[in-house]
Amino acid sequence: MRTSFDVVSYSRERSGKCSGCGKSTRRQVRVEHTVNPFNRTAEGVAKTRAEVGADVRAELEIKLKEPLKCSKCEVRSGAE
């Protein structure tokens, strides 16, 4: 039997200069989580859709603070 859970997803687009080479670049950042019984609060209660959405937005804000890199610089930094 297959169970599917609701997905909470947020995405944003960033544009600016690459932190590695200075080239103009544009990136889309997407974060998603599912609403499922394994997502629990500190008290052990299952999280609501709104609580999961708040977690997703917080994670998206963290990812948006990372330096912007073009595709070539991402490949170069991954090879090091």
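Helices of at least four residues and strands of at least two are DSSP runs, numbered from the N terminus. The exercises below apply this convention to a predicted model.

**Exercise 1. Determine the order of helices and strands along the protein chain.**

Solution. Step one is to list the elements: the protein chain has two helices and two strands. Step two is to read them along the sequence, which gives the pattern β-β-α-α. Step three is to attach residue ranges. Strand S1 covers residues 6-17, and strand S2 covers residues 24-35. Helix H1 spans residues 49-64, and helix H2 spans residues 71-79.

**Exercise 2. State how confident the prediction is, and where confidence is lowest and highest.**

Solution. Begin with the whole protein chain: its mean pLDDT is 90. Of its residues, 96% reach 70 or more. Then turn to the elements. Confidence is lowest in helix H2, with a mean of 78, and highest in helix H1, at 94.

**Exercise 3. Describe how S1 and S2 pair, and identify the bridge partners in S2 of Gly16 and Arg14.**

Solution. First, establish the sense of the pairing: S1 and S2 are antiparallel, with twelve bridges. Next, find the partners. Gly16 is bridged to Thr25 in S2, and Arg14 is bridged to Arg27 in S2. Finally, examine the connection. The two strands form a hairpin with six residues between them. In the turn, Gly22 has a positive phi of about 85 degrees.

A distance between two residues of the model adds to this picture. Val7 lies in strand S1. Val7 and Thr34 are 27 residues apart in sequence, yet their C-alpha atoms are 4.3 Å apart in space.

**Exercise 4. Compare the radius of gyration of the protein chain with that of a compact globule of 80 residues.**

Solution. The reference value comes first: a compact globule of 80 residues would have a radius of gyration near 12 Å. The protein chain has 17 Å instead. The box filled by its C-alpha atoms is then considered; along the principal axes it is roughly 45 × 25 × 20 Å. As a last step, burial is noted: buried residues make up 20% of the 80 residues.

**Exercise 5. Classify Val52, Cys70, Phe5 and Val7 as buried, partly exposed or exposed.**

Solution. The cut-offs are needed first: buried means under 20% relative accessible area, exposed means over 50%, and partly exposed lies in between. Each residue is then placed in turn.

- Val52 belongs to helix H1. Its relative accessibility is 3%, so Val52 is buried.
- Cys70 sits in the loop between H1 and H2. With a relative accessible area of 2%, Cys70 is therefore buried.
- Phe5 is in the segment before S1. Because its relative accessible area is 36%, Phe5 is partly exposed.
- Val7, at 43% relative accessibility, is therefore partly exposed.

Three C-alpha distances complete the description. Val52 and Arg40, twelve residues apart in sequence, are 9.4 Å apart. Cys70 and Gly16 are 54 residues apart in sequence and 9.7 Å apart in space. For Phe5 and Arg30, 25 residues apart along the chain, the separation is 18 Å.

**Exercise 6. Characterise the largest pocket by its space, its lining residues and their classes.**

Solution. Start with the space: the largest pocket holds about 170 Å³. Next, name the lining residues, which are Arg14, Arg27, Gln28, Val29, Lys63, Glu66, Pro67, Leu68, Lys69 and Glu74. Sort them by class: three are nonpolar, one is polar and six are charged. Then assign them to elements: strand S2 supplies the largest share of the lining, three residues. A link to Exercise 3 remains, since Arg14 and Arg27 both belong to this lining and are bridge partners.

Note on methods: Residues are numbered from 1 along each chain as its sequence is written. This is a predicted model: local features need pLDDT of at least 70, side-chain atom pairs count only at pLDDT 80 or more; totals for chains, interfaces and linings use all residues. Side-chain values use heavy atoms; hydrogens and water are left out. pLDDT is the predictor's confidence in each residue, from 0 to 100. On a 1 Å grid over the protein atoms alone, a cavity is a set of points where a 1.4 Å probe fits but cannot get out, and a pocket is an open set with protein on both sides within 12 Å along at least five of seven lines; lining residues have an atom within 4 Å of a point. Grid points are joined across faces, edges and corners, and a volume is the space filled by probe spheres set on the points. Ala, Val, Leu, Ile, Met, Phe, Trp, Tyr, Cys and Pro count as nonpolar, Asp, Glu, Lys and Arg as charged, and the others, Gly among them, as polar. Two strands pair if DSSP finds at least two bridges between them. The radius of gyration is taken over C-alpha atoms; the globule rule is 2.2 Å times the number of residues to the power 0.38. Buried means under 20% relative accessible area, exposed over 50%, partly exposed in between (1.4 Å probe, protein chains only).
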